[in-house]
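Colleague: Could you walk me through the ligand site, and tell me how each label is earned?

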Amino acid sequence: MTRSYANLIDGEMVTTANTLDVVNPATEEVIGQVPACGKAELDRAVAAARRAFPVWRKTPVENRRAAIMAISAAIKDNADELFRLLTAEQGKPHHQAKGEILGAAGLAAAQAGLSLEETINQDDATRLSRTRRVPVGVVGGIVPWNFPVMMAVQKIVPAILSGCTIVLKPSPFTPLTTLRLAELIKDAVPAGVVNIITGADELGPLITEHPDIDKITFTGSTATGKKIMEGASKDLKRITLELGGNDASIVLPDADVSKVAEQLFWSSFTNAGQICVAAKRIYIHEDIYDELSQAIADYAKTVKVGDGAEQGTGVGPIQNKKQFDRVCELIQDAKDKGYKFLTGGDVDPSGTGYYVPITILDNPPEDARIVAEEQFGPVMPLMKFSTVEEAIERANASEYGLAGAVWTGDPDKGVEVAEQLETGTVWVNEFLHISPLAPFGGHKQSGFGAEYGIEGLKEFTYPQVITVKREPA
Ligand code: NAD
């Protein structure tokens with residue numbers, strides 16, 4: 001069934017004459033049309049956000065928190081409808097889509113409680129000096145296709161909590177659930193505070209370079225992040241960039257193979273590997289390499305690849321054709337080089353749906369493309385190491401620095417290794433856990449700034465220092 005969706009501009013749901021088709025990656029059928037906005041619609045949305053800003057910034061923070069709680073409730077109350085739509089456009093299995101929807105509602109509720117307190121710099125007989133945080137103004141939010149709802153909510157919530165207003169652009173591949181959400185939250189905030197507009201990739205640079213937008217918060221690839229930094233430099237917009245990763249896991253020799261095999265599998269293959277913080281390189285100590293790699297491959301064979309809407313599916317399709325082609329190219333390169341596959345590798349190019357079989361490689365070299373590049377698909381290279389120092393060095397030999405993990409029977413040892421990894425997040429004996437209250441951001445070319453927690457909230461504000469001389473003029 002296909003349906004037309006509208007954009008949220010200035011408190012109204014609006015359509016455009018031109019539309020974009022949205023495709024279900026499991027069936028390759030068109031399931032919806034969304035507005036194809038250009039400069040005129042963007043100007044309207046930015047003007048609405050600009051008009052709403054002076055009032056919203058002065059709206060008591062308790063009212064802004066209440067608006068966010070209303071958004072959280074709208075997501076939770078409609079979770080069933082939203083997660084099914086999310087699976088249809090994104091491809092992830094129903095249980096994972098439900099996790100994303102409820103996670104977004106939980107994130108909103110948790111972040112609604114954050115406070116940016118004033119700090120006192122000096123308070124004595126001479127003067128009172130205090131630092132307060134003031135909202136930067138109109139925010140442009142740009143979102144990718146792997147976690148469309150979570151990413152939209154994680155941009156809207158801190159923006160409006162801080163007193164900013166926002167114009168958000170979903171990915172053209174996955175705009176439907178976000179636009180359904182727009183309908184549901186339309187009345188939770190005054191007109192113009194939240195605007196959601198859709199368009200092709202060309203709409204992104206128009207946002208980045210719009211003279212009346214004060215800050216860009218972007219999640220997506222490192223290549224696009226660099227373009228955004230360049231575009232935003234023209235008028236020195238504030239930017240937060242959450243970019244790509246080539247996240248390494250290190251499995252120490254004391255890890256319990258029977259416990260970690262399944263967890264390692266899902267650290268890599270959740271959302272068909274299309275997670276910025278998914279394990280994309282797994283280094284296993286040589287003492288347990290054979291046993292653990294076999295256990296992971298055996299487990300992989302029990303996982304069903306299929307339409308996310310079908311019961312029992314563990315790994316869905318790749319979200320779009322472009323990414324599907326890229327993952328196929330990496331697999332083909334590995335075949336051409338003669339690397340050994342523990343499982344998978346045979347893509348059916350004539351089948352319907354962007355399906356890639358679960359593919360696990362057996363100890364390819366460090367310079368293999370499938371190791372050195374972010375795969376962003378259901379493909380995982382397992383590599384053997386001899387010493388911990390060597391594993392740390394190999395894990396850190398990347399331009400990326402998003403996340404990593406250490407698996408061990410000795411948590412203290414795990415922390416010792418974790419502290420030597422050059423990434424913004426490191427897990428010991430778990431994976432993919434991201435707290436809405438802790439800063440999340442990449443080191444090196446995985447990002448700029450951070451989202452989540454107080455650090456993330458501060459990025460939507462400027463510090464302002466007010467100094468009062470005690471002796472009146
Ligand atoms: P992408 O960079 O192609 O697109 C992301 C968004 O940017 C889309 O909305 C797109 O329309 C828009 N866009 C494209 N070109 C633009 C331009 N020149 N200027 C402004 N906007 C533009 O990324 P993607 O393929 O949608 O997502 C996959 C990538 O995102 C992966 O590299 C992944 O690691 C990364 N990612 C990072 C995080 C994180 O938190 N660090 C989270 C999820 C995904």
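**Around the ligand**

Modeller: Gladly! The shell around the ligand divides into 15 nonpolar, 9 polar and 5 charged residues. Here Ala, Val, Leu, Ile, Met, Phe, Trp, Tyr, Cys and Pro count as nonpolar, Asp, Glu, Lys and Arg as charged, and the others, Gly among them, as polar. This is a predicted model, where local features need pLDDT of at least 70, side-chain atom pairs count only at pLDDT 80 or more, and totals for chains, interfaces and linings use all residues. Residues are numbered from 1 along each chain as its sequence is written, and side-chain values use heavy atoms, leaving out hydrogens and water.

Colleague: Which residues come nearest to the ligand?

Modeller: Val143, Lys169, Asp201, Leu243 and Glu374, of the 29 residues around the ligand. A residue is near if one of its heavy atoms lies within 4 Å of the molecule.

Colleague: What makes the pair between the side chain of Asp201 and the ligand a polar contact?

Modeller: A polar contact is a pair of N or O atoms within 3.5 Å. An N or O atom in the Asp201 side chain is 2.6 Å from a ligand oxygen, so the pair qualifies. Likewise, a backbone N or O atom of Leu243 lies 2.6 Å from a nitrogen atom of the ligand.

Note on methods
Polar contact = N/O pair within 3.5 Å; in protein donor to acceptor, adjacent residues only side chain to side chain.
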